[in-house]
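Hi everyone, thanks for making the time this morning. I'd like to walk you through one model, a few residues at a time, so please have a look at it with me.

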Amino acid sequence: TMWDRVLNGLNWLLVANLFFVLASFGWFATAVVGRSLNVNLGLDVWYSLWMPLFQPAIGILMAGAISIGVLRWAANKLDALRSN
């Protein structure tokens with residue numbers, strides 16, 4: 001159905017966003033270790049991207065996970081009503 005396509009598309013976008021967030025964390029962790037070893041691995045660049053890029057990505061991931069759950073619940077309730 002159309003709902004399934006929409007939900008699958010949103011799931012795909014959330015998975016892509018999850019991998020972006022995980023890669024961002026990996027960069028952060030690597031840069032922090034580099035800073036402790038006096039090696040510049042871009043921690044200042046990471047900090048400059050925190051507010052405009054990484055923080056919204058985390059927010060989208062959390063909001064998307066909640067909305068997917070609500071949409072799945074609503075779709076299941078509608079299917080149950082239609083089958084009765």
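Before anything else, a word on contact: when I say that two residues touch, I mean that they have heavy atoms within 4.5 Å. And please keep in mind that this is a predicted model.

With that in hand, let's begin at Asn17. This residue sits in helix α1. Setting aside residues up to four places away in sequence, Asn17 touches Ala57, Ile60 and Leu61. Is Asn17 buried or exposed? Its relative accessible area is 12%, and the cut-off for buried is under 20%, so Asn17 counts as buried.

Now let's step back to the helix itself. Helix α1 covers residues 2-36, which is 35 residues. How far apart should its ends be? At 1.5 Å a residue we expect a span of 51 Å, and the end C-alpha atoms are indeed 51 Å apart, so the two agree.

Which residues of α1 are buried? The list is Leu7, Leu14, Asn17, Val21, Ser24, Ala31 and Gly34. Here is a handy reminder for reading such a list: an α-helix has 3.6 residues a turn, so residues three or four places apart point the same way. As for what covers these buried residues, α2, residues 43-83, is included.

So how do the two helices meet? α1 and α2 pack at an angle of about 150°, and their axes are 9 Å apart. Angles over 145 degrees count as roughly antiparallel, so that is the label for α1 and α2. Their crossing is left-handed. If you sort the contact of α1 with α2 by class, you find 25 nonpolar, five polar and four charged residues.

Let me show you another residue from that buried list, Ser24, also found in helix α1. Ser24 has a relative accessible area of 6%, which makes it buried. Leaving aside its neighbours within four places in sequence, Ser24 is in contact with Trp46 and Phe54.

Let's cross over to the partner helix. Leu71 belongs to α2. Not counting residues up to four places away in sequence, Leu71 touches Trp3, Leu7 and Leu10; Leu7, you'll remember, is one of the buried residues of α1. Leu71 itself is partly exposed, with a relative accessible area of 24%. Leu71 and Val6 are 65 residues apart along the chain, yet their C-alpha atoms are separated by 9.9 Å.

Last stop: the connection. What is unusual about the backbone of Asn38? Asn38 is not a glycine, and even so it has a positive phi of about 60°. You'll find Asn38 just after α1, in the loop between α1 and α2. At 75% relative accessibility, Asn38 counts as exposed, whereas Ser24 and Asn17 are buried.

That's my tour, and I'm happy to go back to any of these residues with you.

How values were computed: Residues numbered from 1 in each chain as written. Predicted model: local features only at pLDDT ≥ 70, side-chain atom pairs only at ≥ 80, totals over all residues. Heavy atoms only, no water. Helix = DSSP H or I, 4+ residues; strand = E, 2+ residues; numbered from the N terminus. Expected span 1.5 Å × (residues − 1). Buried < 20%, exposed > 50% of the residue type's maximum accessible area, 1.4 Å probe, protein only. Axes fitted to C-alpha atoms, helices over the stretch in contact; angles between N-to-C directions. Parallel < 35°, antiparallel > 145°, perpendicular 65-115°, else oblique. Left-handed = near helix turned anticlockwise from the far one by under 90°. Nonpolar A, V, L, I, M, F, W, Y, C, P; charged D, E, K, R; others polar.
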